[in-house]
Every structure is written in C-alpha cells, then in structure tokens.
Amino acid sequence: MAIADSYDGFLVDLDGVVWLGHEPIDGAAEALTALAEAGKPTVFVTNSPRIAPAEQARTLRDQGIDADPDRVVTAGITLLDLARREIGDGGKVYAIGTHGFLKQVNEAGFERLPADRWQEAEAVLVTGHPHFNYDELKAASMAARAGSFLATVGKDPTMPMPDGPWPGTGAIVAAVETASGRQAVVAGKPERPIFELGIKRLGLPEGSRVAMVGDRLDTDVGGARNAGLDGILVAGNDAHDPGTKITPDHEIAGLIDLIE
Ligand SMILES: [Mg+2]
C-alpha cells in the first residue's frame with residue numbers, strides 16, 4: 001500500500017519538495033499527476049510572500065505540473081485573506097514589503113496608504129524587503145500602537161544567503177513590535193492561517209484525511225500538527241534540526257515515494 005492511499009488530499013510545500021531554487025526535483029511532476037489522476041487534490045503552500053500565486057502557478061505548469069492560481073496558497077495571500085476578514089474588502093492598509101507584495105495588496109482591492117497617512121490605517125501588514133527604513137518603522141508602529149490590526153507573513157529571524165544569514169522578516173516585525181508594544185498575528189507556516197486557507201482550497205468534505213508534505217520539521221511538520229494534520233517530511237535537505245522533538249508521520253525521499 002502506498003502512503004497516498006491513507007489520505008484524501010495533500011498540502012504540498014514548494015521549495016525543497018517540488019523544486020530547489022526553481023530547479024525541478026525528479027519525480028515530483030510524475031507524483032503530482034498520479035495523485036490528480038487518483039482524485040486526490042493537492043494545494044501548494046509556500047511561505048514566500050513575494051511571488052504571486054499566478055506566477056508560481058505558471059512556473060509549476062512550465063515544469064509539467066497542472067496548477068491554477070487558486071491551488072497556490074502563499075503566506076502573502078494568506079496575510080491578505082486575514083486582513084480582509086479583519087477589516088473587510090477595500091479597507092485602508094499600511095503595508096511594508098517588496099514591490100511584488102505591494103502589488104498584490106493593491107490587486108486585493110485594499111487602499112494602500114502612504115507612510116504620512118498612518119492615522120487612517122485599519123491594518124498594518126509587514127513583510128521583509130531590503131529597503132526597510134525608519135519612516136516605515138515609524139508609520140507601522142504608530143498605527144499599530146493606535147490599534148490597527150497588525151499582521152505579518154512570518155517571523156523567521158534570518159534568511160539563508162551564500163555569505164551567511166541575512167536579517168529576515170522576523171527582524172523587521174520585531175522592530176515594529178518593539179516600537180508599538182503590540183504582537184503581530186502570523187499568517188504563514190508554522191501558524192494555522194496558511195494551513196486553514198490551504199485546506200479550504202482543497203475543497204474536500206469535512207473529516208477528509210489531509211497531510212502536509214514539506215522539507216522542514218519545524219514549519220511544515222510542526223505547522224501541520226498545529227493545524228491538526230498529518231506531517232510528511234521530505235528528508236535529505238537541511239531539514240534536520242537535532243534540537244526539535246517533532247516526529248513526522250512519514251518520512252520520504254521525494255514526492256514520488258507517496259505513490260510507490
Ligand atoms: Mg520548503
């Protein structure tokens with residue numbers, strides 16, 4: 001019996017599972033096609049806030065994987081979904097992030113405020129970008145202190161780079177939290193919102209058996225547990241933190257092992 005037989009659908013991490021830095025991983029496309037043919041839906045779940053779902057879906061299709069934008073759930077889209085639930089469609093937000101993320105904020109229909117109009121912000125949305133500055137910190141923290149909904153994609157303190165770890169979104173969020181005295185709600189893995197949106201997009205009936213497949217014990221497998229799902233670890237990358245006590249429900253070398 002294959003592992004896939006135990007589940008009705010899957011949430012699937014992208015980097016380290018489907019591709020490595022956009023280089024396709026052997027067997028991934030074949031496995032995803034087989035799951036689709038077996039009537040087991042998959043939704044891709046990624047913490048990357050910069051690239052819009054439509055663009056991720058295009059990259060997937062280029063690699064022979066059938067995917068429409070609705071089947072890609074990013075931490076950025078989850079953050080916008082959270083904001084919409086909190087302040088409603090078309091609300092006023094102060095957002096910090098890359099050009100790609102800010103464009104998604106606009107496309108979601110929010111009114112994006114300049115820093116000097118922070119008083120009007122109903123929500124403050126924080127993601128990392130390399131030009132983060134004092135004016136942004138000031139606007140975000142003053143709006144949060146005044147009671148705006150404060151949320152972020154994630155709190156990773158660093159991101160891996162060839163010359164060593166660079167400050168990540170978590171470092172920027174920490175600055176806003178310190179200055180505002182508020183705690184940001186986290187949309188991305190390992191917190192629940194991204195998993196809940198992913199499950200919704202699977203479109204399966206209540207009580208269906210869903211597993212998350214990812215290459216990180218803390219965010220993917222640990223996050224799956226937080227959300228009440230099984231966690232399947234794709235081993236072999238830099239996934240093993242000896243300090244963690246999380247045990248995956250299954251450990252596989254690649255997606256192809258789900259169906260064989
Ligand atoms: Mg990954």
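The exercises below, each with a worked solution, concern a predicted model of a protein.

**Exercise 1.** Find out which strands pair with β1, and in which direction the residues of β1 point.

*Solution.* Begin with the strand itself, which covers residues 9-12: G9 and L11 point one way, F10 and V12 point the other way, and all of them are buried. This fits a general pattern, since in a regular strand the side chains alternate between the two faces of the sheet. Next, look for the neighbours of β1. Strand β13 (residues 210-214) runs parallel to β1 and is joined to it by four bridges, and within β13 the residue A211 is the bridge partner of F10. Strand β4 (residues 42-46) also pairs with β1 in the parallel sense, over three bridges, and here L11 has V43 as its bridge partner.

**Exercise 2.** Determine how helices α3 and α7 are oriented to each other, and which residues make their contact.

*Solution.* First consider the axes of α3 (residues 75-87) and α7 (residues 192-202), which come within 9 Å and cross at roughly 90°. Angles of 65 to 115 degrees count as roughly perpendicular, and α3 and α7 are therefore roughly perpendicular to each other. The contact is made by A75, T78, D81 and L82 from α3, together with P193, I194 and L197 from α7. Sorted by character, the residues of this contact comprise five nonpolar, one polar and one charged.

**Exercise 3.** Decide how the radius of gyration of the protein compares with the globule rule.

*Solution.* The protein contains eight helices and 15 strands. Its radius of gyration is 19 Å, close to the 18 Å that the globule rule gives for 260 residues, so the protein is as compact as a globular protein of that length.

Notes: Residues are numbered from 1 along each chain as its sequence is written. This is a predicted model: local features need pLDDT of at least 70, side-chain atom pairs count only at pLDDT 80 or more; totals for chains, interfaces and linings use all residues. A residue is buried if 20 or more other C-beta atoms lie within 10 Å of its own, exposed if 12 or fewer, and partly exposed in between; C-beta atoms are placed from the backbone. Helices (H or I, at least four residues) and strands (E, at least two) are DSSP runs, numbered from the N terminus. Two strands pair if DSSP finds at least two bridges between them. Axes are lines fitted to C-alpha atoms, for helices over the stretch in contact, and angles run from 0 to 180 degrees between N-to-C directions. Angles under 35 degrees count as roughly parallel, over 145 as roughly antiparallel, 65 to 115 as roughly perpendicular and the rest as oblique. Two residues are in contact if their C-beta atoms, placed from the backbone, lie within 7 Å. Ala, Val, Leu, Ile, Met, Phe, Trp, Tyr, Cys and Pro count as nonpolar, Asp, Glu, Lys and Arg as charged, and the others, Gly among them, as polar. The radius of gyration is taken over C-alpha atoms; the globule rule is 2.2 Å times the number of residues to the power 0.38.
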